[in-house]
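Visitor: I have a model open and would like a tour of it. Could you take my questions one at a time?

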Amino acid sequence: MSKYSSWNAPDVEARAISIPGNSRRNRFSLRNAAWALVGAGLAASGFYYYSSQHKTPRSHLHLLPESGGNFAPCRGHEHSDRLKSFQQCAIDNLLNTGLPFLENASPITVDDFEERRQRLAEALVAEDVDAFVVEPGYTFKYYGNVSQPEWEVWEPEERPFLMVVRPFYDQTGSVKANTTFLCPSFEAERARLLGMPFTEAIQIVPWEEHWDPYTTLQESDMFSDLTRTPRLMVDEEMRDFIQRGLASVGFDVVGLGGHVEEVRQIKSASEVEILRAVNTGTVEAVRQMRKCLYPGLTENQIAAALDDALRAAGMEPFFDIVLFDENASNPHGGTNGTKVLEAETFVLIDVGAHLYGYSSDICRTFFPPFFEKPSENEKTLAPHIAEKLKVWDIVFEAQTQSIHQFRENYTAASVDIAARNVIDGAGYEGTFTHRLGHGIGIKAHESPYLNKGNHKTLLKTGMAFTSEPGIYLVDKFGVRHEDILLVQGDNDPELLTGSRAVGPWDP
Ligand SMILES: *[C@@H]1O[C@H](CO)[C@@H](O)[C@H](O)[C@H]1NC(C)=O
Ligand SMILES: *[C@@H]1O[C@H](CO)[C@@H](O)[C@H](O)[C@H]1NC(C)=O
Ligand SMILES: *[C@@H]1O[C@H](CO)[C@@H](O)[C@H](O)[C@H]1NC(C)=O
Ligand SMILES: *[C@@H]1O[C@H](CO)[C@@H](O)[C@H](O)[C@H]1NC(C)=O
Ligand SMILES: CC(=O)N[C@H]1CO[C@H](CO)[C@@H](O)[C@@H]1O
């Protein structure tokens with residue numbers, strides 16, 4: 001999904017940093033020189049606004065003339081001024097809201113991590129499993145705060161570093177979690193330096209380079225009290241060679257499922273507040289940016305300005321799909337972002353950002369503000385405008401009907417079917433080409449997945465989902481509305497995006 005964010009220029013930055021003795025000033029001039037070259041190349045091909053994709057387009061545009069007038073884009077000073085004002089307007093509008101949506105969110109604490117492992121221990125007992133095993137990645141981040149790149153900054157390693165969480169009964173007879181790490185012995189100190197969120201000192205079982213790590217795990221005292229073959233549940237991200245390694249020494253290995261999978265699916269109060277903050281903030285960023293639009297902007301320029309506005313508000317965008325008219329008939333885009341904004345353009349923006357490690361994922365479809373809204377009694381709407389309005393309303397009604405199904409014990413299929421029935425019933429059968437949505441948390445896409453075949457998964461209180469129905473008309477336009485919903489017993493769900501869209505002029 002992150003077709004735009006990959007166009008930032010971390011490589012340019014990295015190259016500059018690697019030069020010995022470079023000062024902050026040098027770094028900036030190197031970066032400018034590199035971007036001036038990029039700009040020159042693209043200017044020659046008639047595509048000089050590409051440079052606004054850079055993470056800091058304002059400083060770039062500002063500094064370019066100083067860093068070599070010959071390389072700077074040589075036409076359209078007015079255009080570049082206007083673009084600069086647009087970028088600043090998107091940032092200022094968002095900051096001027098005072099960012100009230102961020103107020104109730106705070107980072108996940110050590111106590112929250114302890115609570116997660118406690119819920120995991122209880123789930124392991126319920127599933128009759130002796131230990132949960134996970135390597136650095138999203139799930140390890142969830143239970144132990146270490147992602148794959150935080151452990152292996154270079155590339156994923158072949159040496160297993162595993163978190164092993166076992167349930168045990170304390171003196172009062174209640175279930176508790178015991179966490180132990182199987183770690184390359186020369187890395188044990190580095191593992192401790194990670195400062196993982198535990199109230200007690202972390203326990204490490206080390207393995208030497210010439211040992212079999214799986215045998216080391218098996219022969220440790222972790223499983224010595226068991227009277228059966230130890231049953232391990234491995235996370236879904238666990239690499240195949242580690243699963244086979246564990247099985248090869250005689251562990252009974254089972255895949256992620258049941259109550260154990262539900263632990264991460266069900267959000268705690270602090271997770272809900274972060275999800276609410278980042279999703280409401282992302283919607284607000286789109287609304288505030290929209291007010292600044294002017295004719296002639298490209299999809300890429302809008303994505304870059306929106307990214308900068310999100311960053312200015314403390315959220316880190318990780319994908320940003322901006323599509324105009326027929327380019328939006330492909331739900332995830334794929335065209336090159338150079339289509340130009342006009343009055344009657346239907347703009348689809350699907351964007352996600354991170355806050356405290358949690359994701360937003362929202363979508364809005366709208367007309368630009370300089371296209372005047374027809375009055376209520378206007379009977380002579382051009383057919384292509386009338387069709388856009390009609391489809392916008394159908395998708396909105398589809399989303400509304402799905403929302404009523406986000407209740408405890410309803411199936412993951414039912415929410416999709418409710419939306420699909422509206423779209424099919426309105427004569428647009430076959431144009432809603434993807435599922436209704438997915439769980440959301442530290443990843444934008446998490447289980448459970450909401451498709452019309454998923455009859456076996458039941459929604460539970462505390463699960464957070466996207467509802468994102470769409471209609472895609474090839475060669476014409478696409479419409480999608482995406483909001484976040486929190487399941488709340490047998491009631492309508494709670495909206496975690498602040499407020500839904502009202503209409504194509506009020507997204
Ligand atoms: C978790 O890791 C992040 C860095 O990725 C850090 O900022 C945060 O403080 C850590 N949280 C805890 C509770 O240690
Ligand atoms: C956790 O398990 C290890 C290894 O079996 C053991 O040495 C340690 O005492 C246990 N910790 C607690 C708090 O039970
Ligand atoms: C973008 O794609 C269009 C065709 O869809 C093409 O005409 C145009 O040259 C492309 N622009 C760039 C900069 O690649
Ligand atoms: C959902 O099903 C479970 C198990 O049957 C039941 O305990 C719970 O009360 C149900 N929830 C609601 C909101 O009906
Ligand atoms: C289907 C398609 O590619 N439509 C348009 C998308 O936008 C580009 C410009 O970026 C147009 O050239 C395409 O016609």
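Visitor: In which helix is the place of P149?

Guide: Happy to help, and do keep in mind that this is a predicted model. The helix to look for covers residues 148–151, and P149 lies in it. That helix is α7.

Visitor: Is P149 buried or exposed?

Guide: Let's count the other C-beta atoms within 10 Å of P149, which come to 12. A residue is exposed if that count is 12 or fewer. P149 is therefore exposed.

Visitor: What distance separates the C-alpha atoms of P149 and P136?

Guide: Along the chain, P149 and P136 are 13 residues apart. In space, their C-alpha atoms are separated by 8.1 Å.

Visitor: Which strand pairs with β5 over four bridges?

Guide: β5 takes part in two pairings that we can look at here. With β1 (residues 131–134), β5 (residues 231–234) pairs in the parallel sense over three bridges, and F132 has M233 as its bridge partner there. The pairing over four bridges is also parallel, and in it L232 stands opposite V253. The strand with four bridges to β5 is β6 (residues 252–255).

Visitor: What is the handedness of the β-α-β unit that β5 and β6 make with α10?

Guide: Follow the chain from β5 through helix α10 (residues 240–248) to β6, and you have traced the β-α-β unit. The unit is right-handed.

Visitor: Why do the buried residues of α11 line one face of the helix?

Guide: In α11 (residues 258–265), the buried residues are V260, E261, V263 and R264. Looking down the axis of α11, you see these buried residues fall within a single arc, so they line one face of the helix. They pack against α5 (110–126), β1, α6 (138–144), β5 and β12 (446–450). The arc that explains the single face is 140°.

Visitor: How many charged residues are in the shell around ligand 5?

Guide: The residues around ligand 5 are E326, N327, T335, N336, T338 and K339. By class, this shell has no nonpolar and four polar residues. Glu and Lys count as charged, which picks out E326 and K339. The number of charged residues is two.

Visitor: And how many nonpolar residues are in the shell around ligand 1?

Guide: Ligand 1 is surrounded by I108, T109, V110, N145 and P197. Its shell has two polar and no charged residues. The nonpolar residues number three.

Visitor: What share of the residues in the protein chain is buried?

Guide: The protein chain has 15 helices and 17 strands. Of its 507 residues, the buried share is 41%.

Key. Residues numbered from 1 in each chain as written. Chains lettered and ligands numbered in written order. Predicted model: local features only at pLDDT ≥ 70, side-chain atom pairs only at ≥ 80, totals over all residues. Near = placed C-beta within 6 Å. Pairing = 2+ DSSP bridges. Right-handed = clockwise from strand over helix to strand, strands pointing away. Buried ≥ 20, exposed ≤ 12 C-beta atoms within 10 Å, placed from the backbone. Arc of directions from axis to C-beta. Contact = placed C-beta atoms within 7 Å.
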